[in-house]
Amino acid sequence: MKIGFVAGAVVALSSFLVGSALADAPSTTIAYQPMISTGLAAQEPFEAWFVFDKSFDPSVPGLAIPAGATIRFTFPEQFTPKPGLPLGSVMIRWTQGSVPAKFSVQQDPQDPRVIAVHFNAAVPAGEKGNPGIKAIHLRTPEINPEAGDYPISVQFVDAGPLSGTTHAVARITPKPVPNIAVYNQLHGGKGEDWQRVGAGEEAPIPIDFLATLPDQPRASLSLAESANGGLTILADGKPVGSISATGAPVTLTPHPFGPGYARLGIVEVRAKAGSAPGMAQIVAELRGGPQCVIHLVIQ
């Protein structure tokens with residue numbers, strides 16, 4: 001995954017909730033926008049990712065969208081449009097980066113709970129440099145309702161074989177939650193979240209995580225080795241989360257940062273593959289928040 005500031009949007013990703021397809025539209029989940037803790041919290045402006053059912057493996061293409069297609073996001077009546085709250089910018093992405101799609105976005109003048117993303121040009125998928133779409137980030141003028149699960153309609157219009165409607169479930173929490181996500185900015189935007197590495201070798205790109213704590217926005221983050229072979233995430237010296245590895249054996253080693261990065265909530269991990277080939281998952285989690293899972297393919 002890649003996090004970067006583009007026209008006020010942030011590129012990030014973490015899977016959370018499962019939607020169910022009603023037609024040929026791709027099934028969709030709603031994921032936290034990890035740079036903030038409020039996007040899915042009650043009485044806060046909605047901001048999240050709509051993640052389509054495509055593997056995060058960069059070798060797997062995303063959705064191909066034809067020119068003239070529109071994706072309509074319809075929020076249920078419990079969400080309250082707030083006059084004067086502008087529609088936030090929209091980010092289209094695949095796995096490791098944003099997609100240079102030509103699109104426009106607006107509220108439906110007949111229904112302020114409908115956000116429409118219209119594609120002015122086709123977005124191909126499968127060719128080198130044209131990875132297609134795997135997720136759409138929305139920051140909307142809707143204010144989240146009280147805590148609970150709410151279906152949001154996702155309708156693909158004039159989208160060829162994708163045309164149809166699906167529903168994604170937004171799980172609204174009573175209050176903001178801590179978030180953690182992979183942060184690619186320190187390595188030239190290279191994707192850290194799906195790497196291939198030889199057996200016995202260190203992953204070519206160090207893995208950086210960005211943590212957002214709603215109650216401690218300026219806490220200093222650090223890592224400590226734990227007894228189970230994983231790592232403990234510390235905020236001002238107190239445990240707040242963990243980083244562990246599952247699947248094929250992997251050794252995790254913390255890499256210390258200076259106080260500047262630590263105050264920004266960034267920690268770095270070096271991962272070294274064991275001798276056995278296979279798939280390893282590195283799981284980062286803050287207490288009370290969603291998991292961030294990245295993959296190492298050991299060859």
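How many salt bridges does the count come to? The count comes to five, and this tour visits several of them after a look at the whole chain and at its nonpolar cores. Keep in mind throughout that this is a predicted model.

**The whole chain**

Begin with the entire protein chain in a cartoon view, where you can look for one helix and 25 strands. The chain has 299 residues, and 51% of them count as buried. If you then consider the contacts between residues with a separation of 6 or more, 68% come from residues 24 or more positions apart. Switching to a surface view shows what the chain exposes, which is about 12,600 Å², with carbon and sulfur atoms supplying 53% of that area.

**The nonpolar cores**

Next, select Ile30, Leu40, Phe46, Phe50, Ile65, Phe73 and Phe156, which are the residues with the most contacts inside the largest nonpolar core, a set of 33 residues. Among the elements that give two or more residues to this core are strand S4 (28-32), strand S5 (45-52), strand S6 (70-74) and strand S14 (148-157). A second, separate core holds 31 residues, and selecting Val197, Ala219, Ile243 and Ala271 will show you some of its members. As background, nonpolar side chains in soluble globular proteins tend to be buried together.

Now return to Leu40 and display what surrounds it: leaving aside neighbours within four places in sequence, Leu40 is in contact with residues including Ile30, Phe46, Asn144, Ala170 and Ile172.

**A patch on the surface**

Where can you find nonpolar residues forming a patch? Select Leu186, Tyr261 and Leu264, which form a nonpolar patch on the surface and together have about 260 Å² of accessible area. Tyr261 has its place in helix H1 (residues 259-263), and because its relative accessibility is 36%, Tyr261 counts as partly exposed.

**Pairs of opposite charge**

Side chains of opposite charge can pair when their charged atoms come close.

Select Arg196 and Asp57 first, and you will find their side chains meeting in a salt bridge, with 3.3 Å from N to O. Arg196 lies in strand S17 (residues 194-197) while Asp57 lies in the loop between S5 and S6, so this pair ties together parts that are 139 residues apart in sequence. Arg196 counts as partly exposed, at 37% relative accessibility, whereas Asp57 counts as buried, at 10%.

Move on to Asp108 and Arg72, a salt bridge in which the closest N and O atoms are 3.1 Å apart. Here too the pair links distant parts of the chain, since Asp108 is in strand S9 (residues 103-108) and Arg72 is in strand S6, 36 residues apart. Asp108 is buried, with a relative accessible area of 18%, and Arg72 is partly exposed, with 24%.

Then select Glu268 and Arg270, whose closest N and O atoms are 3.0 Å apart in another salt bridge. Is Glu268 buried or partly exposed? With a relative accessible area of 4%, Glu268 is buried, while Arg270, with 26%, is partly exposed.

**A last stop at Ala64**

Finally, select Ala64, which lies in the loop between S5 and S6 and is partly exposed, with a relative accessible area of 42%. Add Pro124 to the selection: the two residues are 60 residues apart in sequence, yet 4.8 Å apart in space from C-alpha to C-alpha. Leaving aside neighbours within four places in sequence, Ala64 is in contact with Val123, Pro124, Ala125 and Leu162.

Notes. Residues are numbered from 1 along each chain as its sequence is written. This is a predicted model: local features need pLDDT of at least 70, side-chain atom pairs count only at pLDDT 80 or more; totals for chains, interfaces and linings use all residues. Side-chain values use heavy atoms; hydrogens and water are left out. Helices (H or I, at least four residues) and strands (E, at least two) are DSSP runs, numbered from the N terminus. Buried means under 20% relative accessible area, exposed over 50%, partly exposed in between (1.4 Å probe, protein chains only). Contact means heavy atoms within 4.5 Å. Accessible areas come from the Shrake-Rupley method with a 1.4 Å probe; for residues, only the protein chains shown count as cover. A nonpolar core is a set of buried Ala, Val, Leu, Ile, Met, Phe, Trp, Tyr and Cys residues joined through side-chain atoms within 4.5 Å. Patches are made of residues with over 30% relative accessible area and no salt bridge: like charges are joined within 9 Å, nonpolar side chains (Val, Leu, Ile, Met, Phe, Trp, Tyr) within 5 Å. A salt bridge is a side-chain nitrogen of Lys or Arg within 4 Å of a carboxyl oxygen of Asp or Glu.
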